[in-house]
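Q: I should like a close look at one part of this model, with the terms defined where they are used.
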Protein chains: 2
Amino acid sequence: MTGPEMVNGFTGEHLAGQPPHIRELLDRRAKVLGPGYQLFYTNPVEVRRGSGVHLYDSAGNEYLDAYNNVVSLGHCHPAVVEAVTRQLSILTTNTRYLRADLLDFSERLLATFPAELDRVTYTCTGSEANDLALRIARAHTGNTGVIVTRNAYHGVTAEVAAFSPSLGPTSPLGPHVRTISAPDPLRHGAEVVTMLRAEIRAAVDDLQRHGFGVCALVVDSIFSSDGVQPFPTDLLGVLAAEVRAAGGVYLADEVQAGFGRTGAGWWGFGRHEVVPDLVTLGKPMGNGIPVAATVLRHEIGREFGRNVRYFNTFGGSDVPIAAAAAVLGTIDREGLIDNAREIGAHLARGFAEIASGHPRLADVRGAGLFLGIEVTVPDGTDPDRALAQSLVDDLREHFVLVSASGPDGNVIKIRPPLVFNDADAALLLERFADAAARVLPT
Amino acid sequence: MTGPEMVNGFTGEHLAGQPPHIRELLDRRAKVLGPGYQLFYTNPVEVRRGSGVHLYDSAGNEYLDAYNNVVSLGHCHPAVVEAVTRQLSILTTNTRYLRADLLDFSERLLATFPAELDRVTYTCTGSEANDLALRIARAHTGNTGVIVTRNAYHGVTAEVAAFSPSLGPTSPLGPHVRTISAPDPLRHGAEVVTMLRAEIRAAVDDLQRHGFGVCALVVDSIFSSDGVQPFPTDLLGVLAAEVRAAGGVYLADEVQAGFGRTGAGWWGFGRHEVVPDLVTLGKPMGNGIPVAATVLRHEIGREFGRNVRYFNTFGGSDVPIAAAAAVLGTIDREGLIDNAREIGAHLARGFAEIASGHPRLADVRGAGLFLGIEVTVPDGTDPDRALAQSLVDDLREHFVLVSASGPDGNVIKIRPPLVFNDADAALLLERFADAAARVLPT
C-alpha cells in the first residue's frame with residue numbers, strides 16, 4: 001500500500017531490491033498495520049538497539065543517529081531508565097489524586113519559562129498539546145481563525161491536522177485556516193519581515209471578512225517542516241503583535257525546538273525575544289516516554305476552565321512525570337544547552353566549509369543542534385529535491401541517519417541528540433563531506 | 001478555581017476542613033496547573049505508593065483500590081516493570097523504522113479479535129484512538145454524522161469532546177452529533193430494544209435531513225459514563241445494523257471495557273455478539289504506560305490510507321509496545337479474564353445481597369469486574385445523587401476507593417484491578433455493607 005507522498009518516505013519502489021529479512025518485515029507490516037503508516041528512506045532501516053548517539057540493526061551495523069530528537073539525551077540514557085524503573089515500582093496513577101511529584105516537576109518546569117507563562121496542563125503527545133491549546137485559545141478569544149505557515153506541521157488530531165498543511169494536498173485544511181509564507185532569507189532577502197507583515201495582515205483581514213475572527217497564530221519556533229528557518233529573529237514579535245491587535249493569541253509550538261535544542265536557553269521562542277501566550281511541548285520531554293504539555297498564561301485559561309473539564313488519563317501521570325523530571329535534570333546537570341550551542345556552532349561552520357566547495361549546497365543554517373542545508377539546482381535557488389534525497393540515502397547507506405524537510409523536500413534536516421560530542425561531530429562532518437563528494441555534481 | 005460540575009469531583013467547598021499538608025498541595029496545584037483540572041472526592045485523596053490492589057497515602061494509610069482500571073494487573077506489576085526497564089535499556093524509537101517487536105505484538109493483539117478486525121494503528125491515548133477512528137470513518141463513509149448515547153464519554157480532543165456529552169452542558173456538542181438513550185432496563189423495562197431502535201432511526205433521519213449523513217455509531221461497550229449498563233446484550237447488533245444500513249460504521253469504544261474487564265473474552269463487544277467495524281483501546285493497555293490503539297477492518301481504512309499520512313511519534317514506539325506486550329501476556333498467563341468473570345460474579349451476588357436489605361440500592365448490575373449499583377429515592381427509581389456521593393465519600397473515609405457515574409451521578413461505579421482475589425472481594429463487600437449501614441436511611 002502506498003499512501004500520499006512524504007519527504008524521505010519509503011515508496012515501495014525498491015521493494016524487489018530489499019534483502020529477505022527486510023522483505024519479511026515489510027510484508028508483516030502490510031498485513032497488520034493500519035492505514036497511513038510510512039517508513040523512512042529509499043532503503044528502510046531496521047533497528048534493534050540504541051545507545052547514546054548510535055542505533056544498531058540486527059546485522060550489528062552501527063548508525064550515527066543525527067536525526068532522532070525524541071531521545072534528546074541519547075538512546076537509553078541511564079538517568080531516564082533509572083527514574084522510570086523506580087517510579088513504575090512505586091506508583092502510577094493520575095492527576096485526580098493529590099501528588100507531590102506532579103507539583104514538584106510542574107514548579108521546576110515553569111521556572112524555565114518567563115514569569116508570565118505560569119500554568120501547565122499535561123497531555124501525552126504534541127498533537128494533544130496543540131489540540132488542547134487551540135481549545136483554550138478559542139474559549140479565550142471567542143474566535144476560530146488560525147494562521148500557520150505554508151508548510152507547517154503541528155500534529156495529527158482532526159483539529160490539528162486541519163492546520164498542518166505539510167500533511168499534503170490530500171489532507172484538507174479547515175475553512176478557518178489561513179497560511180502565510182515561512183521566512184526564507186535565501187529567497188526573500190532582507191525584505192522578509194516587511195513581506196510577512198503584509199501577508200499576516202491579509203490573512204487577518206480575510207479571517208475577519210469570513211466571520212471567523214482571529215483565534216491564534218501557531219508557529220513552530222524553528223520552522224522545521226518549512227525547511228528549518230532559524231532567521232530572522234525579529235520576525236515573530238512582529239507577527240505576534242499583528243495577531244494580538246486582532247484579538248488573537250500567539251501559540252509557540254516548541255515540540256521540535258524546545259528543551260534546549262536551539263542552544264539558546266530552554267525554549268526556541270527565546271531567540272526571537274517575544275513571550276508567547278501559549279506554548280506546547282512534546283517529543284524530547286520524556287526521552288522516549290510519551291509526555292507532552294501545554295504551558296500558558298493563567299488569564300488565557302480562565303474561560304476554558306470555567307466551562308470545560310480536561311482530564312487526560314496518562315497526561316501528568318507518575319511515570320511520564322518521572323521521565324520528564326529526569327530529562328529536565330539531566331539537561332541541566334550535563335550542560336546540554338551549552339553543548340547544543342557549541343557543538344551546533346561547530347557543525348554549522350563545518351557544513352559551511354563543505355558547502356563552500358559545492359555550489360549545490362546553497363545554504364547552511366541552524367540554531368544549536370537543529371540544522372538545515374539547502375540543496376538547489378545549478379546557478380539558482382530553485383530546490384533540488386531528488387538530489388537532497390540522494391544525499392540522505394547515501395548517508396544512510398554509509399550509516400549516518402539524517403532526513404530532509406521543507407515544502408520542496410530539498411533541505412537536509414540534521415537534528416542529533418543533544419549529547420553529541422566533538423568526535424561525533426567530526427565523524428558526521430567527515431561522512432557528510434564524503435557523501436557530498438560522491439553524490440553532488442561538481 | 002472551580003470548574004464545571006463533575007460526578008464525585010472535589011468542589012473546594014470543604015477546603016477549610018482539610019489538614020495542612022492537603023491544603024498545601026491544593027494551594028500548589030492552584031498555582032501551577034492549567035485550566036480544567038479536577039480532583040476526586042469531597043475530601044481529596046493523596047497518594048504516595050501503590051502495590052497490587054492497594055494505594056497508600058503519606059500517613060501510611062492503606063486504601064483498597066476498587067476503582068483504577070488503568071493498572072488492570074494491579075499497581076506496579078513486576079512483569080510490566082521488568083519489560084519496560086528492559087526495553088528502555090535497549091531501544092526506544094518509532095514506527096518509521098522496521099522493528100520486529102512492533103509486528104510481534106501487533107500479530108498477538110490482532111489474534112484476540114475476530115478475523116475481520118485485521119489492522120491496528122497505535123496512538124498514545126484513548127482520545128487519540130477515537131479521534132483517528134473518526135477520521136478513518138469519515139474518509140470511508142464520506143459522511144460526518146455521529147451518534148452516541150446521551151451521557152457518553154469518548155475523550156478530550158476537540159473532535160472527540162464534540163461527541164462526549166458527559167463533559168456537560170458547557171462543553172457543546174458538534175452540529176453533526178445526535179444522541180440516543182443508553183439502555184436502562186431499570187427504567188425502560190423490556191421495551192429497551194424497541195425504544196432504542198426507534199431512537200436511532202430518528203437520529204439517522206435527522207442527520208440525513210441536515211445533510212451530514214451517517215458516519216458512525218460510537219458506543220462504549222459497557223456504557224460506563226451512562227451509568228454502567230451491561231444489558232441487554234441483544235441491543236448493539238440492532239443499533240449497528242441500523243447505522244450500517246444508512247451507510248455508517250459501528251465503532252466499539254473498548255477503552256473502558258476492553259482487555260478482559262467484562263470477564264467474557266478480551267473485548268466487551270463480544271458479550272453483544274456483534275463484530276464492530278472499528279475498535280478503540282486504551283487505559284489498561286500498558287498498565288500505566290501511555291499506549292492506545294485503533295483496530296479496524298482493512299477495507300474501512302483504504303480511503304484514509306490513500307490520502308492521509310498518520311504518524312504518532314510515541315504511538316507504537318518500543319517502550320509502550322513492550323508494556324502492552326507484558327500486559328497481554330500477563331492477562332493470559334495469570335488467567336485474569338476468568339478471574340474477572342468469577343470474582344465479578346461473586347461481587348455481584350454479594351452486592352445484591354446487601355442491596356436486598358437496602359431499598360435505596362435499587363439495582364446491582366455488572367459484567368466481570370465492572371459493576372454499577374443504582375442509588376435511588378424511596379419508593380421509586382428516581383436517582384439520588386447526593387446519597388450516592390455520601391456512600392462514595394464514606395467508603396473513601398474508610399479506605400475503599402470507588403466512584404460514581406451515570407447522567408445523574410447516582411450509580412456507584414466499581415472497577416477494581418483484574419487481580420482482585422477472594423479476600424479482596426470479601427473485604428470490599430464487608431466495607432460496603434458497613435458503609436451502607438452507616439449512610440443509607442433504613
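How many bridges join β4(B) to strand β10 of chain B, and do these strands run parallel or antiparallel?

A: Five bridges join β4(B) to β10(B), residues 292-296, and the two strands run antiparallel. The model is predicted, so that local features need pLDDT of at least 70 and side-chain atom pairs count only at pLDDT 80 or more, while totals for chains, interfaces and linings use all residues. Residues are numbered from 1 along each chain as its sequence is written, chains are lettered from A and ligands numbered from 1 in the order in which they are written, and side-chain values use heavy atoms, with hydrogens and water left out.

Strands (E, at least two residues) and helices (H or I, at least four) are DSSP runs numbered from the N terminus, and two strands pair if DSSP finds at least two bridges between them. Within the β4(B) pairing, B:Thr121 stands opposite B:Thr294 of β10(B).

The pair belongs to an open sheet of seven strands in chain B, with the order β4-β10-β9-β8-β7-β5-β6 and mixed pairing. Its edges are β4(B), residues 119-123, and β6(B), residues 177-180, each of which pairs on one side only. Neighbouring strands are turned by 20° against each other on average, direction ignored; axes are lines fitted to C-alpha atoms, for helices over the stretch in contact, and angles run from 0 to 180 degrees between N-to-C directions.

Helix α3(B), residues 100-110, packs on this sheet and touches β4(B), β9(B) (278-281) and β10(B), contact meaning heavy atoms within 4.5 Å. The direction of α3(B) makes about 120° with that of β4(B).

Chain A offers a sheet to set beside this one. Four strands form an open, antiparallel sheet there, in the order β11-β12-β15-β14. The edge strands are β11(A), residues 361-367, and β14(A), residues 403-405, and each pairs on one side only. In this sheet, the average turn between neighbouring strands is 30°, direction ignored. Three bridges join β14(A) to β15(A), residues 411-414, and these strands run antiparallel. A:Ser405 has A:Val411 in β15(A) as its bridge partner. Helix α11(A), residues 336-356, packs on the sheet, where it touches β11(A), β12(A) (370-375) and β15(A). The direction of α11(A) makes about 175° with that of β11(A).
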